[in-house]
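Reader: I should be grateful for a close look at one part of this structure, with each technical term explained where it appears. Please begin with the packing of one pair of helices.

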Amino acid sequence: MLLVSMLLEERYRVTGRLGRLATEKDDTFRLSSDSSSYLVKVSPPDEVEAVVAFQTAAMRYLETAAAHLPVQRVKLTANGDDHVTIRLNDGRTRILRVFDFIEGQVLAEVNPDAERLARAGEMLGLIDVALRPFTHPADRRGLAWDIRHFHQMSELVEHTPSPEHRQLAQAVFRLFDENVVPRLSDLETQVIHGDFSPYNIVVGPEKSDHFVTGVIDFGDTVRSAVIFDPAVPMANLLGRTPDHPWRDACAFAAGYQRKRPIRASELPLLPVAALARITLRALITNWRAERAPERREYLLDHAKDDWINIERSLTVSLDDVVAHLSEARHGHS
C-alpha cells in the first residue's frame, strides 16, 4: 500500500486515505481525499499488459464517443498517461490505474420493477451502440467467461458433486450445442462490456429521472457476439420471481432492444445464452470449491441459488420466452 500511495502522490498528484476493497482479481483501493474519491486498481502480475490497455481504451473511447453515458472515467496522470507501469523484481509488470469513484447503490442491492430493469437494459444497449465501431489489437483475447466458449467447458461438469446439478448442466450444454454452436461463426459481433451484472450497475434514488447513474468494471470487455452482452444480466435476473422465472430477464431484454435491436434470426438464441452463462457460473464455482477446500461450504452455498434458478428456468418453454422477447422487439422497432 505504501508503494501505491507514493505513486499516487508522485504521478497523479493526489493524496488521501487509502482503503483496500475486496475484489476478485486486482488489488483495489478507494482513495478518499478532502475534495473527491477515486478507485485505484493494480492489475494482477499474470494479466497481460495489452489486455489491461484494451479495457482502459474501451472506457476512454466511450468517454469521447458517448460522453453523455455515465461510464466510469479514467483519471490521467500529471503527464497525461492513463496508467502507471510497476516493474516487479522478477521481471513481471503490474498496471496501476485510477478511476473516478461512483457513489451510490448497485442494482443488486435494490428491488427494481420491470420499467427500471428495462432502463438498465437501455443503458447497456446505448453502450453497445457506442462501442460498435471500436477496435483494439487485444480485443480478441481469450476469456473463460466469454459465452462463445461455453461448449468447450463441459469437463467442468465432473467437478459438480450433485447428480441433479450435473443433469441440469448437461441439459443446458445440449441446448447450446444444438442451437448456438452451429451459428457461432455467423453471429453479429463487436466489442461488448462483457459483465453488465447487477454489481456493475450503479443506480440512483428511486425518484430520480435517471435510474442508472454509473457503469463500472470493464474487466471482461471482449469482442464477441452481441447477444452475449444482454445474456449476462439476464442470467443474473433468472428466477428472481420464482413463479415467472424469465419475467425480469425479459424486462431487461425489452429495454436493451429499444436501443440496440437484436437480429430476428438471433433472438431465439438469447435465452439459451442466458442459461449458458448462469450454468457456467455455477460450474466454475463448484470447480473453485474443489480447489479451495477451506471455502468449499461458502462457494457451494453460493452456487446453490444458481442451480435452483436454472431448474426453474428450464421448466418454462423457451419458445414462449422467445415469443415474449419477439413481442417486445416489435413493440419498439
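In what kind of crossing does helix 7 pass helix 8?

Author: The crossing of helix 7 past helix 8 is left-handed (the near helix is turned anticlockwise from the far one by less than a right angle; clockwise would be right-handed). The model is a predicted one, in which local features need pLDDT of at least 70 and side-chain atom pairs count only at pLDDT 80 or more, while totals for chains, interfaces and linings use all residues. Residues are numbered from 1 along each chain as its sequence is written, and side-chain values use heavy atoms, with hydrogens and water left out.

Helix 7 covers residues 270–291 and helix 8 covers residues 296–314; their axes lie 9 Å apart, at an angle of about 155°. An axis is a line fitted to C-alpha atoms, for helices over the stretch in contact, and the angle, from 0 to 180 degrees, is taken between N-to-C directions. The angle makes helix 7 roughly antiparallel to helix 8 (over 145 degrees; under 35 is roughly parallel, 65 to 115 roughly perpendicular and the rest oblique). The helices themselves are DSSP runs of H or I with at least four residues, strands are runs of E with at least two, and both are numbered from the N terminus.

On the side of helix 7, the contact (heavy atoms within 4.5 Å) is made by Leu275, Ile278, Thr279, Arg281, Ala282, Leu283, Thr285, Asn286, Arg288 and Ala289. Helix 8 contributes Arg296, Leu299, Leu300, Ala303, Asp306, Trp307, Asn309, Ile310, Ser313 and Leu314. Sorted by class, these residues of helix 7 and helix 8 are 11 nonpolar, five polar and four charged. Here Ala, Val, Leu, Ile, Met, Phe, Trp, Tyr, Cys and Pro count as nonpolar, Asp, Glu, Lys and Arg as charged, and the others, Gly among them, as polar.

Helix 7 also has a contact with helix 5. The axes of helix 5 and helix 7 come within 8 Å and cross at roughly 60°, and these two helices are therefore oblique to each other. The crossing of helix 5 past helix 7 is right-handed. From helix 5, the residues Phe228, Pro230, Ala231, Val232, Met234, Ala235 and Asn236 meet Leu270, Ala273, Ala274, Arg277, Ile278 and Arg281 of helix 7. This contact of helix 5 with helix 7 holds 10 nonpolar, one polar and two charged residues. Ile278 and Arg281 of helix 7 thus take part in the contact with helix 8 and in the contact with helix 5.

Helix 5 (residues 228–237) in turn packs with helix 6 (residues 247–259), at an angle of about 155° and with the axes 8 Å apart. Helix 5 and helix 6 are therefore roughly antiparallel, and their crossing is right-handed. Pro230, Pro233, Met234 and Leu237 of helix 5 make this contact with Asp248, Ala249, Phe252, Ala253 and Tyr256 of helix 6. The classes in the contact of helix 5 with helix 6 are eight nonpolar, no polar and one charged. Pro230 and Met234 of helix 5 belong to the contact with helix 6 and to that with helix 7.

Two of these residues can be placed relative to other parts of the chain. Phe252 of helix 6 and Arg119 are 133 residues apart along the chain, yet their C-alpha atoms are separated by 7.5 Å. Arg119 lies in helix 3 and, at 26% relative accessibility, counts as partly exposed (buried is under 20% relative accessible area, exposed over 50% and partly exposed in between, with a 1.4 Å probe and protein chains only). Helix 3 itself has 13 of its 18 residues buried, so helix 3 is largely enclosed by the rest of the structure. Met234 of helix 5, by contrast, is 40 Å from Leu3, C-alpha to C-alpha, at a sequence separation of 231 residues. Leu3 lies in helix 1 (residues 2–12) and is partly exposed, with a relative accessibility of 44%.
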